[in-house]
Amino acid sequence: MGTLYLVATPIGNLEDMTLRAIRVLREAPLIAAEDTRTTRVLLDRYQINTPMTSYHEHNKLTKLDAILAALEAGDVALVSDAGTPGISDPGYELVVAAIARGHTVTPIPGACAAISALAVSGLPTNAFVFEGFVPRKPSALARWIEAVRREPRTIVLYEAPHRLAKTVEAMANAFPQRRLVIACELTKMFESVWRGTCAAAGDYLRQHPPRGEYVLLLEGAVLEPAEQWTAAQVLRALNDRLAAGLTRRDAARDVAQQAGWNKRDVIALLHASPDSAEHLEDI
Ligand code: SAM
C-alpha cells in the first residue's frame, strides 16, 4: 500500500521549495507531474532523478488507473506546475480514488498563491472563501457576482491576465466602494500588491496592463442592519448547527459570520434564550 504525497512546489521563486519536498521527491519511486517539462526544471535544480509520468487536466481520468496501480506497488508524489496540487490544479480525483482504496494521502505543504496573497492582502484573514477561477461567460459572471453580494467573508480568486479587466469591471459596477487587492507575480521579480477600491481598480489596470499571474481578493460584504438576520433567524441557525453536531463555539462563530452579527451578540442571544440554555456550558 503506497502513500500518495501531495507535494507543493514554488509559485515562482524556486527557493520556495521545502527540504521535505526535496526529500520526498527524491525518495518516491514515481512523480506524477502536471507538465513533466515544467517539473523537469525544478527537479534539475535540486538534482532529483526520480522517474516522472504526466497527470494533467486532459488525461487525469484515463491516467487514474495507472497511477492507482503504481500506488499499489509503492509511493507516488503528485506535483502540479506550481503551488499546491488539487488547488485549481489536477489532484482532486486522484485524492478521492486513493482515499477510497485505503491509501494514505499526505500533504507536503508549501506555496499556494491564494494563501500567500491573502496573508499579505490586509483584508480580514479570519474567515475567507476561495472561489478558484470565476466564470468566463458574462451571464455566468453576473450570476456569480449576485451569489457573492451578501458574502461577508474575504473572497479570494484566481484570474487570467486577459480576463482581469472584465472581472474587475464587473466588481466595480456591483461593489464600487469595496476594498479590492490585486496580487501579481507573487514571489517573482515583478511581484506587486495593489490595494484600493473596486472603483479605483480600473484606472490602476489601465496604467499597469495585466501581465503575469494574478490573485484577486475582494472585501466581504459589510451587511447593513436591514440586511442582517433577525434574532429568530439567528437562533434557528444556531439550533440547526448544534443539531448537526457543531460545537457551541463553532456554531456561534459560523452563525455570526453568516448573519452579519457580532459573535458576542450571538452568544448573548443564546444566553437570553431559555430554549437554548442546554447548549451554553462551554461558551
Ligand atoms: N495550485 C496553484 C496554487 O496552489 O496556488 C494554483 C494553480 S492555478 C492553475 C494557477 C493560478 O494561480 C494562476 O492563474 C494565478 O491566478 C494564480 N497564481 C499562481 N502563481 C501565482 C503567482 N506567483 N502570483 C499570483 N498568482 C499566482
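The ligand lies between domain 1 (3-111) and domain 2 (114-218), because both domains give residues to the shell around it. The model is a predicted one. Within it, the ligand sits in the largest pocket.

The shell around the ligand holds 19 residues, of which T84, I87, A113, Y158 and Y214 come nearest. By character, the shell residues divide into 11 nonpolar, 3 polar and 5 charged. Two strands, β7 (154-159) and β10 (214-218), each supply at least two residues of this shell.

Polar backbone atoms of A82, T84 and E159 lie close enough to the ligand to be listed with their distances:

| Residue (backbone atom) | Ligand atom | Distance |
|---|---|---|
| A82, N or O | nitrogen | 3.3 Å |
| T84, N or O | oxygen | 2.8 Å |
| E159, polar atom | oxygen | 3.5 Å |

Taken alone, the ligand exposes 570 Å², and the protein buries 90% of that area. T84 thus appears twice in this account: it is among the residues that come nearest to the ligand, and a backbone N or O atom of T84 lies 2.8 Å from a ligand oxygen.

Key. Residues numbered from 1 in each chain as written. Predicted model: local features only at pLDDT ≥ 70, side-chain atom pairs only at ≥ 80, totals over all residues. Heavy atoms only, no water. Near = heavy atom within 4 Å. Polar contact = N/O pair within 3.5 Å; in protein donor to acceptor, adjacent residues only side chain to side chain. Areas by Shrake-Rupley, 256 points an atom, 1.4 Å probe, with all protein chains shown as cover. 1 Å grid on protein atoms, 1.4 Å probe; cavity = no way out; pocket = protein on both sides within 12 Å on 5 of 7 lines; lining within 4 Å. Sits in = over half its atoms within 2 Å of the grid points. Helix = DSSP H or I, 4+ residues; strand = E, 2+ residues; numbered from the N terminus. Nonpolar A, V, L, I, M, F, W, Y, C, P; charged D, E, K, R; others polar. Domains from an automatic or database assignment.
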